[in-house]
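Please open the model in a viewer and keep the selection tool at hand. The tour proceeds by selections, each followed by an account of what is found there.

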Amino acid sequence: MRLFKAHGLGNDYLVLVDGPPITVPTARALCDRHRGPGGDGILEPFASDRADAGIRIWNPDGSVAEKSGNGLRIASWWLHHHRGLAAVHTVDTGFDVVRSHVRGDEVTVQMGSATFEAPRIPTAESVQERPIDLAGDTVVVTAVGTGNPHAVVFLDALPAGPAHLDELPWRRWGAALETHPLFPNRTNVQFAKVLGPTDIEIRIWERGAGETSASGSSSCGVVAAAVRTGRVPPGSVTVHMPGGTLHVALDDAYALTLRGPVAPVGTWEAAPGFAAAWPTS
């Protein structure tokens, strides 16, 4: 098995270059940062009859993600630079088809349109500026779908909230919201502070991965929720995360475009016997 690794602002993915199909146990083993090459997910190519290429996105817990902004940017970078795909191409995730444009080490992905309809996110019922109790703490949540589900908590909606995101117990809240009954497929969670009409700062708890330094689909979800709730106008927004910044453009129809860098790390080859150590369940 050979894998290629790259990251988008510290959010790192492994691309399956050669080897057997990924399974739940192998996804968990490969993403393990102590016993494997480690990553926030795995990108598995597959043949698609509706796009130029297919990429299945695996989470570290062995679940499959509908969409990942950083994962798709890394996949497109690899498809262009290593597989010779045209700079402008389409990628099938198994759930949706997106269009990418690679310019050197910067990749732009048209992420589709955000939705706030409960069945399409999905949520069990409407979650729009909704107070949710988390073991005695009340957070106000707006749910949005960008091809995958997101639960956004804005700092200014918290009662007597602190001035800084890192003063919140956001990791504990993120873990609780990820598996909340309102989200039948679990959810990604973001905690956001609006800095101005074109700048938002966020912290990210990613479904199936936990805390991540950056996330493209999370950035898109936060911008869509900020526009929906009147916190920022449609247009271009810079999203600031611990790993760096991504740029999200959203129009009046809630169509999203994501732009940001990809940094290659290198290739990894499994040692003889490595597969024998994979768990079977």
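The stops below cover a helix, aromatic pairs, an arginine and salt bridges. The model is predicted.

**Stop one: helix 1**

Select residues 24–31, which make up helix 1. Six of these eight residues are buried, so the helix is largely enclosed by the rest of the structure. The buried ones are P25, T26, A27, A29, L30 and C31. Extend the selection to strand 1 (2–8), strand 2 (11–18), strand 3 (42–46), strand 4 (53–58) and strand 18 (263–269), against which the buried residues of helix 1 pack.

**Stop two: a charge over a ring**

Next, select F46 and R56. The charged end of R56 sits over the ring of F46, at 4.7 Å from the ring centre.

**Stop three: aromatic pairs**

The structure holds five aromatic pairs, counting rings whose centres lie within 6.5 Å. Select F116 and Y254: the ring centres are 5.5 Å apart and the planes stand at 75°, and the pair is therefore edge-to-face, the class for angles over 60 degrees. The partners come from distant parts of the chain, 138 residues apart. F116 belongs to the loop between strand 8 (106–113) and strand 9 (130–134), while Y254 belongs to the loop between strand 16 (244–250) and strand 17 (255–261). Both rings belong to buried residues, F116 having a relative accessible area of 12% and Y254 one of 18%.

Move on to W173 and F191, an aromatic pair with 6.2 Å from centre to centre and 40° between the planes, classed as tilted. This pair also links distant parts of the chain: W173 lies in helix 3 (residues 170–178) and F191 in strand 12 (residues 188–196), 18 residues apart. W173 counts as buried at 7% relative accessibility, and F191 is buried at 1%. Add W170 to the selection, and the aromatic cluster formed by W170, W173 and F191 is displayed.

**Stop four: R186**

Select R186, in the loop between helix 3 and strand 12. Is R186 buried or partly exposed? Its relative accessibility is 24%, so R186 counts as partly exposed. Beyond residues up to four places away in sequence, R186 touches D61, S63, P149, E178, T179, R207 and G208. Among these, the side chain of S63 makes a polar contact of 3.3 Å with that of R186, and the side chain of E178 makes one of 3.0 Å. For orientation, select R73 as well: R186 and R73 are 113 residues apart in sequence, with 23 Å between their C-alpha atoms.

**Stop five: salt bridges**

How many salt bridges does a search of the whole structure find? The search gives 20. Begin with K5 and D12, whose side chains meet in a salt bridge of 3.2 Å, N to O. Both K5 and D12 are buried. Adding R33 and D40 shows a network of salt bridges that links K5, D12, R33 and D40.

Finally, select D166, E201 and R203. D166 forms a salt bridge with R203, with the closest N and O atoms 2.9 Å apart. This pair links distant parts of the chain, D166 in the loop between strand 11 (149–154) and helix 3, and R203 in strand 13 (residues 199–206), 37 residues apart. The side chains of E201 and R203 also meet in a salt bridge, at 3.0 Å, N to O. R203 counts as buried at 10% relative accessibility, whereas D166 is partly exposed at 48% and E201 is partly exposed at 21%.

Terms used:
Residues numbered from 1 in each chain as written. Predicted model: local features only at pLDDT ≥ 70, side-chain atom pairs only at ≥ 80, totals over all residues. Heavy atoms only, no water. Phe/Tyr/Trp six-rings, centres within 6.5 Å; stacked < 30°, edge-to-face > 60°. Helix = DSSP H or I, 4+ residues; strand = E, 2+ residues; numbered from the N terminus. Buried < 20%, exposed > 50% of the residue type's maximum accessible area, 1.4 Å probe, protein only. Lys NZ or Arg CZ within 6 Å of the ring centre and 35° of its normal. Contact = heavy atoms within 4.5 Å. Polar contact = N/O pair within 3.5 Å; in protein donor to acceptor, adjacent residues only side chain to side chain. Salt bridge = Lys/Arg side-chain N within 4 Å of Asp/Glu carboxyl O.
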